[in-house]
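Thank you all for coming; I would like to take a few minutes to walk through one structure with you. Please have a look at the sequence and the fold on the screen, and then we can go through some of the details together.

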Amino acid sequence: MQQRNTFTAIVICLGILIAWQTIMPRVFPEWFPPPPDATETASPDGGSAATKRDAGTPDGGAAVIAASPESGAPAGEAGEPGEGPEAGAAPEATAKVPAERPEEKVVLENEKIRATFTSKGAAVSSWVLLADRFEHDGPVEGGAEGETKKTRVDLVEVDEKEALPFSTTFAELEWEAGASYEIVKKTESSVTFRATSAGATVEKTFSLDPEKPYQLGLALTVAGDQALSPRVHLARRPPEEKKAGGFFGRMLNPLPDEIRPSCAYGEEVERRTYDEDELSFAQTGELRWVGIDSRYFLTTVFPGEPDPGAGCKLEIPEERRLRASLELPPVQPGSQKNIEGYLGPKFKTQLHSYGHDLERSIDFGWFGLLSIFLLYVMNFFQDLVGNWGVSIILLTVTVKIVLLPLTNWSMKSMEKMRAISPKMKELKDKYGKDQQRFQQEMMKMYREEGVSPFGGCLPMMLQMPIWIALYRTIYNTAELYQASFIAGWLDDLSAPEAGVIKFLPIAMGITMFLMQKMQPTPNTGDDTQARMQKTMIYMMPPFFTLIMYGLPSGLTLYIFVNNVLSIAQQYWIRRRLAAETGETKA
């Protein structure tokens with residue numbers, strides 16, 4: 001009997017380990033994605049390291065023009081400020097594609113972003129986030145190995161084979177996404193590009209909204225002999241494939257990003273990843289937005305007004321590139337089509353104000369409502385104390401108070417189990433050879449003493465959904481991105497603690513061990529089960545410590561504080577029950 005139980009215990013342990021490696025990656029794929037090299041990083045000068053063709057240096061051939069209130073149109077450009085698309089007809093009006101022109105750039109800026117627009121494709125070549133929390137250490141181009149410099153996040157990361165964000169092609173024309181435009185007007189907050197060929201003239205006016213700093217407006221005006229069907233492009237360079245490093249490599253390395261072309265339509269959100277069977281997707285009607293979605297940032301484009309003919313297309317070609325595009329119905333000559341975009345962090349509390357259901361870009365998973373509740377509670381405490389680490393601690397205390405009645409009952413049940421241990425031993429000695437009678441008498445004693453043998457599992461069962469919901473919140477919302485708790489130690493609560501020796505996961509493991517030791521060993525008459533529980537006391541804390549090595553430090557902080565509070569609660573209940581027992585005996 002004992003040998004059979006021992007064998008069963010071994011099989012269960014092996015099953016748990018195998019399930020972690022096989023089933024869990026399918027249920028929670030974000031815990032086990034292959035780590036890409038590409039993240040939202042910028043070059044040391046604030047531009048994207050992937051877009052060297054748009055570096056704006058003299059040898060790159062691009063003239064950078066900074067917009068200012070006094071500036072009208074840049075010197076040497078074609079046309080006069082304020083002219084419509086039909087004015088200033090050029091000789092290339094009959095050519096199939098616009099004539100090649102030297103590349104020019106215009107920089108527009110507000111308190112949140114610095115945007116660079118290029119005449120190659122009349123597109124966005126750089127979109128740098130200016131907030132201090134989006135500054136991080138990046139490599140120095142041409143510097144020594146390991147040399148770093150403070151850089152800022154740039155949401156434009158494409159290579160030379162891909163179209164820049166907001167470049168436009170037309171089904172009726174042979175224009176490429178990088179066709180040459182000319183700058184015909186610019187102000188402090190807008191710039192207008194124009195291109196003419198094949199009897200068609202297109203003007204694209206980009207503008208920043210002072211009320212919505214992460215929003216980009218695009219007014220598309222068409223003139224000529226025919227209607228044009230615009231297609232607005234978005235793209236991201238593919239991450240370089242890299243070996244995951246196995247189970248321990250995932251635990252010791254930071255969480256990888258997850259970049260996906262996405263499309264929201266009706267009540268659905270479609271996302272494409274490399275491991276999908278179908279790497280392309282198209283949808284027309286009920287469109288909300290189409291974009292490139294990552295863990296903490298979102299780049300989207302959508303019609304300014306509802307358009308039943310608008311559609312989206314998502315593509316991941318064989319070379320693993322990421323493409324998304326907004327497809328619009330034909331725009332008649334002399335008409336204007338208003339297009340908008342959001343390029344910024346995925347702040348759950350701010351996305352709603354931009355409309356178009358942008359908050360649906362945050363994938364909270366199964367426990368979405370719980371995740372949203374936890375996020376709002378943390379935001380409430382953040383507004384009070386101004387520190388996200390302290391907010392997580394206060395969240396832990398709040399959850400502990402809410403669950404106090406249930407956890408009190410559970411811990412009292414465990415202490416009563418400890419108290420009746422001598423009686424259980426007597427039953428074992430009396431009915432040890434008759435297992436059926438022993439089980440009957442044991443259950444009878446449980447009822448008489450008001451003890452539940454499953455009471456010890458309740459705290460863990462209550463906390464597991466909260467752990468998962470908090471993990472999804474930290475993993476998918478920008479609120480905790482690079483949020484610091486204690487400077488120099490926990491500088492980013494959305495990432496694992498830095499260093500090989502991680503003190504917070506180790507402290508969490510120690511508190512988990514103390515919690516296991518405080519739980520009574522059930523005297524069920526099965527020595528093998530008792531030995532198995534003792535073994536789990538020494539196995540589970542190191543196992544969870546290793547897991548937390550690779551998860552966000554914000555989640556580890558929550559579990560550590562919860563463990564400390566649980567130990568204090570268990571100790572208080574033990575002292576109280578001991579005092580009550582002493583008074584009863586007296």
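Before anything else, let me fix one term: a pair of cysteine sulfur atoms is called a disulfide here if the two lie within 2.5 Å. Please also keep in mind that what you are looking at is a predicted model.

With that in hand, how many disulfides does a search of the whole structure find? The search finds 1, and this disulfide joins C263 to C312, with an S to S distance of 2.1 Å. The two cysteines come from distant parts of the chain, since C263 sits in strand β13 and C312 in strand β18, which covers residues 311–315, and 49 residues separate them. Both C263 and C312 are buried, and the link between them is left-handed, with an angle of -95° about the S-S bond. As a reminder for the bench, a disulfide is a covalent bond between the sulfur atoms of two cysteines.

Strand β13 brings us to the sheet, which is an open one built from 9 strands in the order β8-β9-β10-β11-β20-β17-β16-β13-β14, with antiparallel pairing. Its edge strands are β8, residues 182–186, and β14, residues 268–271, each of which pairs on one side only. From one strand to the next, the twist averages 20°. If we look at the β14 end of the sheet, β13, which spans residues 260–265, is joined to its antiparallel partner β14 by 4 bridges, and S262 has R271 in β14 as its bridge partner.

Turning to the interior, the largest nonpolar core has 73 residues, and those that touch the most other members are F117, W127, L129, F166, F206, L216 and L326. Taking L326 as an example, and leaving aside its neighbours within four places in sequence, we find it in contact with a set of residues including P230, V232, L287, V290, F302 and I339. There is also a second, separate core of 35 residues, with A469, M512, F544 and L555 among them.

Finally, let us consider helix α8, residues 421–431, whose buried residues are M424, L427 and Y431. Viewed down the axis of α8, these buried residues fall within an arc of 55°, so they line one face of the helix. In general, an α-helix has 3.6 residues a turn, so residues three or four places apart point the same way. The face of α8 turned away from the buried side carries P422, E426 and D429, which are exposed.

Definitions and conventions: Residues numbered from 1 in each chain as written. Predicted model: local features only at pLDDT ≥ 70, side-chain atom pairs only at ≥ 80, totals over all residues. Heavy atoms only, no water. Pairing = 2+ DSSP bridges. Axes fitted to C-alpha atoms, helices over the stretch in contact; angles between N-to-C directions. Core = buried A, V, L, I, M, F, W, Y, C linked by side-chain atoms within 4.5 Å. Buried < 20%, exposed > 50% of the residue type's maximum accessible area, 1.4 Å probe, protein only. Contact = heavy atoms within 4.5 Å. Arc of directions from axis to C-beta.
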